[in-house]
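Good morning. I will walk through one structure today, going from its salt bridges to its cores, its aromatic rings and its surface. Please have a look at it first.

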Amino acid sequence: SKAEAERALCFCNNSGPGFFAGLIGAAVLGDVRRGLILYGLHALSALLTGLLLPGSAPPAALRTARREKPVLSSLLPQAVQGSCAALLQAAGLTALLPDRLAEALACGALELSSGILLLSGPGAEAACALLMGWGGLCVHFQAMSLWQTAGLRPHGYFSAKLLHGLLSAVLAL
């Protein structure tokens, strides 16, 4: 049903094992097996997210609210990197986290692959898990363009993806 599809979108939009083995395992962590372990944790946290989501549909007034589609085609990688730097400074993350980790998390929150490629050293696995569960705003906007075309409005999508990221990070730790 439409309600089931909207609910499933909140936890079924995930990367596959190839991304975890190749980019995360081989390129970032230096061990394909570690990437595949993170994939297993990612899949488990997606399942847990689905189990924790409420099963009821939102009120009809919320489901029928219309939003304009964001225009993302004009964004360039430099804009993402500049946004990351501004976000770090505005949020004061550089004081709380090592510079490289803070930069990776900020970039990954916007564009997943850019953030993942910045990770290394202590905390890299948990940070990878967090970012992969979240997915990045670019991924969310790509998914949004598809679900809007299908007439779907998944209630709680962003909070569910944040929950997925947090569960993934906790499991990775």
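Let me start with one residue, Glu125, which is partly exposed, with a relative accessible area of 27%. Before going on, please keep in mind that this is a predicted model.

What does Glu125 form a salt bridge with? The partner is Arg34, and the closest N and O atoms of the two are 2.3 Å apart. Arg34 sits in helix α3 and Glu125 in helix α9, so this pair links distant parts of the chain, 91 residues apart. Arg34 is also partly exposed, at 32% relative accessibility. Partly exposed here covers the range between under 20%, which is buried, and over 50%, which is exposed.

How many salt bridges does a search of the whole structure find? The search finds two. Besides the pair I just described, the side chains of Asp31 and Arg33 meet in a salt bridge, at 3.5 Å from N to O. Arg33 counts as exposed, because its relative accessibility is 62%.

Now to the inside. The largest nonpolar core has 21 residues. Which of them have the most contacts inside this core? They are Ile24, Leu38, Ile116, Leu119 and Cys128. Two or more residues of the core come from each of these elements: α2, residues 17-29; α3; α7, residues 99-110; α8, residues 112-117; and α9. Helix α9 gives the largest share, six residues.

Take Ile24 as an example from that core. If we leave aside its neighbours within four places in sequence, Ile24 is in contact with Phe19, Leu29, Gly35, Leu38, Ile116, Cys128 and Met132. There is also a second, separate core, this one of nine residues, including Cys10, Phe11, Leu152 and Ala160.

Next, the aromatic rings. The structure holds four aromatic pairs. In one of them, the ring centres of Trp134 and Phe158 are 6.4 Å apart and the planes stand at 40°, so this pair is tilted. Trp134 lies in helix α9, residues 124-134, and Phe158 in helix α11, residues 157-172, so the pair ties together parts that are 24 residues apart in sequence.

Are these two rings buried or exposed? Trp134 is buried, with a relative accessible area of 15%, while Phe158 counts as partly exposed at 32%. Phe158 also forms an aromatic pair with Tyr157, and that one is edge-to-face, with 5.3 Å from centre to centre and 85° between the planes. Tyr157 is buried, because its relative accessible area is 2%. Trp134, Tyr157 and Phe158 belong, with Trp147, to one aromatic cluster.

Last, the surface. Which residues form a nonpolar patch there? They are Leu44, Leu47, Leu51 and Leu171, with about 370 Å² of accessible area together. The largest share of the patch, three residues, comes from helix α3, residues 32-52. Leu47 is placed in that helix.

To close, look at helix α3 once more. Helix α3 holds Arg34 of the salt bridge to Glu125, gives two or more residues to the largest core, and supplies the largest share of the nonpolar patch. That is my part; thank you.

Methods. Residues are numbered from 1 along each chain as its sequence is written. This is a predicted model: local features need pLDDT of at least 70, side-chain atom pairs count only at pLDDT 80 or more; totals for chains, interfaces and linings use all residues. Side-chain values use heavy atoms; hydrogens and water are left out. Patches are made of residues with over 30% relative accessible area and no salt bridge: like charges are joined within 9 Å, nonpolar side chains (Val, Leu, Ile, Met, Phe, Trp, Tyr) within 5 Å. Accessible areas come from the Shrake-Rupley method with a 1.4 Å probe; for residues, only the protein chains shown count as cover. A salt bridge is a side-chain nitrogen of Lys or Arg within 4 Å of a carboxyl oxygen of Asp or Glu. Helices (H or I, at least four residues) and strands (E, at least two) are DSSP runs, numbered from the N terminus. Rings of Phe, Tyr and Trp (its six-membered ring) pair if their centres lie within 6.5 Å; planes under 30 degrees apart count as stacked, over 60 as edge-to-face and the rest as tilted. Buried means under 20% relative accessible area, exposed over 50%, partly exposed in between (1.4 Å probe, protein chains only). A nonpolar core is a set of buried Ala, Val, Leu, Ile, Met, Phe, Trp, Tyr and Cys residues joined through side-chain atoms within 4.5 Å. Contact means heavy atoms within 4.5 Å.
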